[in-house]
Amino acid sequence: MFDAHWTSLGRFLRHLGLAEQDIEDALQQVFLVASDRLDPELPPASERTFLYRSAIHVAAQVRRRYGRSREEPTEDVDLAEEAPSADDLLDRQRALAMLHSVLLSMPEELRSVFVLYEIEELTMASIAEILQVAPGTVASRLRRAREQFREQVDRRMRMRRAP
């Protein structure tokens, strides 16, 4: 369970607005809760639902507890791969910063659905189960989140081009 979900849950917590230094502690909290409450015979789909639902609750607790400003996400570069150029790295860093900024500008209920669907690639049915809302609610939140995302990206791109 740990190996299968650690990376995706960490990415999810980052997109929920946790500071980089809080993510590992939050992940540990999620897995501690899971070890106390999950039935070992639980099917993997239910396991994932439980972990994402727990991650949402833990993220809210961490944000309330620390009230820290949010950091821009960073992504490790695998040195074994062909090294990207400095321009490519800068473009990638700017794109990640814009993504993070746009996500943080969205209300949490829309951001959660958007991240789970578009980034984590979960189904709407899984998201409905994780968030404990009706499937229609997931669909409408996803539609509104996509609209807000497009508007925010377009606005930021226009601001970049303006003299």
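## Exposed loop residues with positive phi

In this predicted model, E121 counts as exposed, at 65% relative accessibility. The residue sits in the loop that runs between α5 and α6 (124-131). Its phi is near 60°, a positive value in a residue other than glycine.

Q132 is another non-glycine residue with a positive phi, here about 55°. Its place is the loop between α6 and α7. Q132 counts as exposed because its relative accessibility is 58%, and the cut-off for that class is over 50%.

## Overall make-up

The chain has seven helices and zero strands. Read from the N terminus, the order of elements is therefore α-α-α-α-α-α-α. Of its 163 residues, 36% count as buried.

The surface exposed by the chain is about 9900 Å², and carbon and sulfur atoms supply 49% of that area. Among contacts in the chain with a separation of 6 or more, 69% are between residues 24 or more positions apart.

## Nonpolar core

In soluble globular proteins, nonpolar side chains tend to be buried together. Here the largest nonpolar core has 35 residues. Two or more residues each are given to this core by α1, α2, α3 (44-66), α5, α6 and α7. The largest share is that of α3, with eight residues.

Which residues have the most contacts inside this core? They are L9 and F12. For L9, leaving aside neighbours within four places in sequence, the contacts are L27, V30, F31, L51, Y52 and A55. One of these partners of L9, F31, is buried, with a relative accessibility of 10%, and F31 also takes part in the ring cluster described next.

## Aromatic pairs

A pair of aromatic rings is described by the distance of the centres and the angle of the planes. The structure has five aromatic pairs. In one of them, W6 and F31 are stacked, with 5.9 Å from centre to centre and 20° between the planes. The pair counts as stacked because the angle is 20° and the class takes planes under 30 degrees apart.

W6 belongs to helix α1 (residues 2-15) and F31 to helix α2 (residues 20-37), so this pair ties together parts that are 25 residues apart in sequence. The two residues fall in separate burial classes: W6 is partly exposed, with a relative accessible area of 24%, whereas F31 counts as buried at 10%. The cut-off for buried is under 20%. Ring pairs also bring in F2, so that F2, W6 and F31 are linked into a cluster.

## Salt bridges between α5 and α7

Side chains of opposite charge can pair when their charged atoms come close. The structure holds seven salt bridges. In one of these, the side chains of E109 and R141 meet with an N to O distance of 3.9 Å. This value falls inside the limit, because a salt bridge requires the two atoms to be within 4 Å. The pair links distant parts of the chain: E109 is in helix α5 (residues 108-119) and R141 in helix α7 (residues 135-161), 32 residues apart.

E109 also forms a salt bridge with R144, at 3.3 Å from N to O. This pair, too, links distant parts of the chain, with E109 in helix α5 and R144 in helix α7, 35 residues apart. E109, R141 and R144 are thus linked in a network of salt bridges.

Which member of this network is buried, and which are partly exposed? R141 is buried, with a relative accessible area of 17%. E109 is partly exposed at 38%, and R144 is partly exposed at 32%.

## A salt bridge within α7

Helix α7 also holds a salt bridge between two of its own residues, E147 and R143. The closest N and O atoms of this pair are 3.3 Å apart. The two residues are four apart in sequence, about one turn of the helix. Both ends count as partly exposed: E147 has a relative accessibility of 36%, and R143 has one of 45%.

Notes. Residues are numbered from 1 along each chain as its sequence is written. This is a predicted model: local features need pLDDT of at least 70, side-chain atom pairs count only at pLDDT 80 or more; totals for chains, interfaces and linings use all residues. Side-chain values use heavy atoms; hydrogens and water are left out. Buried means under 20% relative accessible area, exposed over 50%, partly exposed in between (1.4 Å probe, protein chains only). Rings of Phe, Tyr and Trp (its six-membered ring) pair if their centres lie within 6.5 Å; planes under 30 degrees apart count as stacked, over 60 as edge-to-face and the rest as tilted. Contact means heavy atoms within 4.5 Å. Accessible areas come from the Shrake-Rupley method with a 1.4 Å probe; for residues, only the protein chains shown count as cover. A nonpolar core is a set of buried Ala, Val, Leu, Ile, Met, Phe, Trp, Tyr and Cys residues joined through side-chain atoms within 4.5 Å.
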